[in-house]
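I opened this notebook to record what I looked up in the structure, entry by entry. The entries follow the order in which I took up each topic.

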Amino acid sequence: MTSEHGILIEGFTRRFGRRIAVDDVSLQVPRGSIFGLLGRNGAGKSTTIRALMNLISPSAGRMTLLGLDSVKDALRVRQRVAYVPEEPKYYDWMTVEEILSFNASFYESWDADHAATLVKRLEVPRGRRLRELSLGTRAKVGLTMALGARPELLILDDPTSGLDAVVRQEFLETIIANVQAEGGTVFFSSHLIHEMERVADRVAIMDRGRIVACAPLDRLKAETKKVRAVYPEAPPDRFTLPGLLRVEREPHQAVLTLSGCGPAMMQEVRGTGAEAVEVLDLSLEEIFIETVKGGGSHVRDND
Amino acid sequence: MSATTTSPVRAIAWKEWREQRPVLLMGVLLSALLPLFLAAGSAGVELSDLADVQLVVLACLVSPTFVLATGAATLAGEAGQGTFDFLLTRPVSRRTLWLVKVSMGAAVSLSAVVLSFMVALLLSGLAGGSGFASLSEFDLLEKFDGLVTGMIALILVVVYAATVFFSTFLARPITAAGAGLTASAMILAVTFFFWSRLDLDPGSVVVFLIGHLAGISLVILAASLALFCRPGAVATRRGPIVAGLAILASLALSPVVAVGWLTQLSAEAAQLETASLSPTGGAIAVTASRDLNSPRVLLMRADGSEEGQLTPRLTMNPAFSPDGMWIAYVSRRSWLGLAANDLSLRAVRPDGREDHLIAEGIPPEEYWSPFPIISPDSARVAVVSGGHLIVGSIDGPGVVEVDLDRTPSKGAALLGWTQDSRHVLMQSRGRDGEGALILTFDPDAQTWRTLWESERYFGLSGWYDPPEGYAMIPVVLEKEDVEEWDLFLVSAKDGSEIKIAEGVCRGSVHMPDPGTLAWADCREDDGGAQTSRIRMRDLAIGAERDMAVLAGKIVRLSVSPSMDRAFVSRRLAGKNEGLTSSLVGSGGSATDLPDGWIAIGWPGPSRLLVVSYLEDRIAVVDAMTGTLRPILP
């Protein structure tokens with residue numbers, strides 16, 4: 001089955017007792033994209049990813065990966081999708097060689113030469129037991145197991161958490177080099193925004209179980225701006241601008257964080273009585289903070 | 001293991017083996033070290049005996065430990081070390097994963113148990129003194145018969161299944177092991193409780209045990225599989241625990257439904273023992289059992305129809321009251337339905353209502369169960385057991401219990417009641433173990449009286465159907481230096497005796513009613529041929545008459561209520577095995593019946609109920625035609 005979407009999530013909701021961890025989330029991850037899911041701790045990123053891997057079942061909604069249903073076709077999904085969790089736990093008593101061999105037994109698509117190349121490139125000691133390895137080296141083993149299966153979709157749940165900067169960079173470069181070169185899709189969550197900004201081409205921001213922003217990274221950055229509006233007297237008490245995320249008032253000016261920012265929006269800002277308007281660019285980290293602090297965004301990917 | 005050449009099943013099996021193999025090592029080590037521990041704490045005990053003890057310890061303690069360890073590690077071990085996500089995101093179905101893990105756990109458990117037993121056997125053989133040679137003579141079945149071994153195996157299966165079940169959703173193996181042990185103990189306790197209540201046919205018990213415990217284990221394992229296949233069930237808590245407990249509770253109750261039909265005993269499937277005929281002769285109460293451990297009372301019409309189970313398992317020796325309103329019986333059933341250490345005396349209406357306790361805590365006899373005897377007025381019942389006389393009111397409270405060792409009647413047996421229902425009659429050897437003694441006991445005043453005493457050896461045998469009450473008590477006494485017996489009648493009122501006859505056949509005395517005495521005189525001619533003459537005496541007027549003369553020696557005699565028929569069991573010369581049963585008419589005619597039948601009583605003037613001690617059957621004899629018709633089974 002072919003699908004234009006690497007991942008398609010429709011109305012996914014997950015409750016734990018009375019608590020709603022993820023509330024009516026819908027997402028489209030195009031094939032071949034590197035899709036970053038940003039969010040604070042507890043935003044619902046891991047819950048969404050665990051549901052994608054059928055480790056938990058959805059309370060409502062539907063998820064497909066590569067056109068396959070995450071629940072009904074779970075086995076076929078796992079043949080084509082590799083997953084690296086946030087804190088991977090492996091059998092500590094196994095050697096690297098053993099766990100690679102063990103992992104290889106599950107995949108028809110396992111590429112032993114590719115895995116060997118990765119091991120060599122990442123400088124993973126094959127004969128050592130996993131319990132003897134550093135956190136970074138264990139992460140490399142996990143990545144080798146994921147990539148050795150030549151997955152069409154790679155899902156990573158905050159994979160570089162706890163790794164030093166050098167390993168993080170090596171890790172991300174390896175992913176990009178391996179998956180994108182073959183037209184694969186990468187879906188990863190992270191709270192390390194700089195790294196996501198460096199590799200992701202599409203981004204979704206998740207907050208308190210909801211998607212509050214979702215768009216290609218370039219568009220998100222192009223449309224989410226800070227606007228400094230200068231007023232002859234005090235700024236208005238109330239702004240009714242579409243896409244307004246946050247307002248910071250000062251005696252003669254207001255700093256507005258706006259999504260969907262364009263010439264029309266500038267006109268609307270001027271219409272509030274502003275004498276001068278200055279547009280300020282935002283980094284992804286700033287967009288994330290403003291979006292989360294503002295309680296929601298409306299930059300939506302309608303591609 | 002080389003990459004990509006192994007199937008997922010083999011890969012998982014390999015991993016499980018690597019993780020669980022320490023259990024095997026533990027099994028061998030424990031088996032090897034146990035004798036040392038045991039010997040250290042058991043000075044003076046033979047080493048060969050210690051080896052046997054070791055087997056028992058292995059069976060009872062160490063084997064379940066292996067099973068708990070592997071069962072808990074199977075799934076909870078994976079959750080505990082946090083590796084489940086890794087495994088569950090590999091392209092292998094949860095069902096396959098579960099099956100391989102649980103199978104490997106079972107295989108390792110079994111191997112550990114077998115290996116540890118083998119080591120124990122080896123040590124046992126060595127400890128026997130002949131080294132390895134003694135091993136060839138070592139009989140496992142001698143130490144653990146098939147049933148016990150099977151039972152232990154089934155219990156281990158239940159323990160394993162329960163542990164795997166809790167291991168499915170508990171994250172810590174130690175918690176899973178504790179929960180599994182508790183749950184399996186509950187299952188086994190409840191199951192055994194129901195087994196004992198359900199009175200299973202012993203022939204079906206083994207099949208039922210296997211079916212029930214294996215069934216429970218399979219259902220528990222299926223529940224574990226179903227739970228495991230549900231995403232998110234692994235290492236969660238509340239819901240599955242409640243569900244698990246509910247499942248286990250319902251499983252434990254399952255035998256009630258499953259084997260209800262097995263509980264009712266029918267005469268067809270029973271061995272029939274003692275019987276009591278109702279006063280009208282219309283009904284018969286029989287002790288029936290599937291084996292010696294499961295007697296109960298069946299009640300039916302005297303023709304064998306309308307049969308039904310009157311009392312539950314572990315009850316026996318029914319006795320109709322003379323008014324036909326009650327059936328007294330003896331029970332060795334505890335409130336749990338299990339065999340009790342003590343006996344109790346109970347009574348029930350013939351329709352099964354008002355089953356109630358008369359007396360409890362009665363010490364049992366070692367080899368036989370006592371027979372209750374009801375007074376002629378049907379008000380009280382007496383029984384002697386374990387050196388105690390118990391007299392109770394048939395309809396409930398008011399029990400008198402006497403320790404016979406502290407009375408003149410030490411070692412006495414119950415004879416019956418006096419005709420006025422005021423005294424219990426007891427018979428025993430004389431004061432120094434010589435001679436004969438008949439005593440009376442007044443249950444109201446709780447006083448003893450020596451009614452009659454003789455220096456001669458007492459030859460009175462117990463009655464199969466004693467009269468409702470004695471005015472005159474027949475006794476047979478042995479002549480000095482001659483193996484011949486004289487028949488006397490002793491007055492139950494004042495102990496005066498009347499000599500009735502000499503040379504009677506011992507055991508042939510019968511009182512078809514309190515006013516009539518029947519017996520057989522035994523004679524042997526010069527050629528050694530024996531004959532028995534059946535005689536009857538009207539005790540009111542003293543008139544005697546002959547009924548018949550038969551060849552052989554009569555050992556049991558039963559005369560019909562109309563006094564014109566008799567049923568005899570006699571030993572014929574030259575015939576060593578079995579008694580010849582015959583129906584005798586007043587004209588002296590005798591019709592022989594098949595061997596081995598003994599009279600129970602006469603349901604009517606022309607019908608006789610007989611029981612075969614050879615075939616465990618009950619039959620009705622038509623006294624007019626001599627036809628024997630088996631009615632049970």
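**Entry 1: a hairpin in chain A.** I began with A:Leu65, which stands opposite A:Leu68 in S5(A). The model is a predicted one, and I read every entry here with that in mind. S4(A) and strand S5 (residues 68–69) of chain A pair in the antiparallel sense, and I noted two bridges between them. The hairpin that these strands form has two residues between the strands, and there A:Leu66 takes a positive phi near 55°.

I then followed S4(A) to its other partner in my notes. Strand S1 (residues 5–16) of chain A is joined to strand S4 (residues 60–65) of chain A by five bridges, and the two strands run antiparallel. In this pairing A:Ile7 stands opposite A:Leu65. I therefore recorded A:Leu65 twice, once opposite A:Ile7 and once opposite A:Leu68.**Entry 2: chain A overall.** For chain A, I counted a secondary structure of 10 helices and 14 strands. The chain has 303 residues, of which buried residues make up 47%. I also looked up the contacts in chain A between residues at least 6 apart in sequence, and 71% of these join residues at least 24 apart.

**Entry 3: helix H5 of chain A.** Is H5(A) mostly covered or mostly uncovered? I found H5(A) to be mostly covered, with 10 of its 13 residues buried. Among the buried residues of H5(A) are A:Arg138, A:Lys140, A:Leu143, A:Met145 and A:Leu147. I next asked which elements the buried residues of H5(A) pack against. They pack against strand S6 (81–84), helix H3 (96–104), helix H4 (112–122), strand S7 (153–157) and H6 of chain A.

I checked the length of the helix as well. The 13 residues of H5(A) should span 18 Å at 1.5 Å a residue, and the end C-alpha atoms are 18 Å apart, which agrees.

**Entry 4: H5 against H6.** Two packed helices are described by the angle between their axes and the distance between the axes. For helix H5 (residues 135–147) and helix H6 (residues 165–179) of chain A, I noted axes that come within 11 Å and cross at roughly 5°. H5(A) is therefore roughly parallel to H6(A), as angles under 35 degrees count as such. On the side of H5(A), the contact is made by A:Gly136, A:Ala139, A:Leu143 and A:Leu147. On the side of H6(A), A:Val167, A:Phe171, A:Thr174 and A:Asn178 make the contact. I sorted the residues of this contact into five nonpolar, three polar and no charged. Both A:Ala139 and A:Leu143 also appear in my list of buried residues of H5(A).

**Entry 5: positive phi in two loops.** A:Arg208 is not a glycine, although it has a positive phi of about 50°. I located A:Arg208 in the loop between strand S9 (202–207) and strand S10 (210–216) of chain A. Is A:Arg208 buried or partly exposed? It counts as partly exposed because it has 17 C-beta neighbours inside 10 Å, whereas a buried residue needs 20 or more.

In chain B, I looked up B:Ser421, a residue other than glycine with a positive phi near 65°. B:Ser421 is found in the loop between S13 and S14 of chain B. With 18 other C-beta atoms within 10 Å, B:Ser421 is partly exposed.

**Entry 6: the sheet that holds S13 and S14.** I followed that loop into its sheet. Four strands of chain B form an open sheet in the order S13-S14-S15-S16, and the pairing is antiparallel. Which strands are the edge strands? They are strand S13 (413–417) and strand S16 (447–454) of chain B, each of which pairs on one side only. Neighbouring strands of this sheet are turned by 25° against each other on average, direction ignored. S13(B) and strand S14 (residues 424–429) of chain B run antiparallel and are joined by four bridges. I noted B:Leu414 opposite B:Met426 in S14(B).

**Entry 7: another sheet in chain B.** S24-S25-S26-S27 is the order of an open sheet of four strands in chain B, with antiparallel pairing. The edge strands are strand S24 (553–559) and strand S27 (590–593) of chain B. From one strand to the next, the twist averages 25°. I noted six bridges that join S24(B) to strand S25 (residues 565–571) of chain B, and these strands run antiparallel. The bridge partner of B:Ser558 is B:Phe567 in S25(B).

**Entry 8: where the chains meet.** How many residues of chain B are in contact with chain A? I recorded 22 residues of chain B in contact with 24 residues of chain A. Helix H1 (8–40) and helix H3 (84–88) of chain B are the elements that give two or more residues to the side of chain B that touches chain A. The residues of that side divide into nine nonpolar, 10 polar and three charged.

Definitions and conventions. Residues numbered from 1 in each chain as written. Chains lettered and ligands numbered in written order. Predicted model: local features only at pLDDT ≥ 70, side-chain atom pairs only at ≥ 80, totals over all residues. Contact = placed C-beta atoms within 7 Å. Nonpolar A, V, L, I, M, F, W, Y, C, P; charged D, E, K, R; others polar. Axes fitted to C-alpha atoms, helices over the stretch in contact; angles between N-to-C directions. Parallel < 35°, antiparallel > 145°, perpendicular 65-115°, else oblique. Buried ≥ 20, exposed ≤ 12 C-beta atoms within 10 Å, placed from the backbone. Pairing = 2+ DSSP bridges. Expected span 1.5 Å × (residues − 1).
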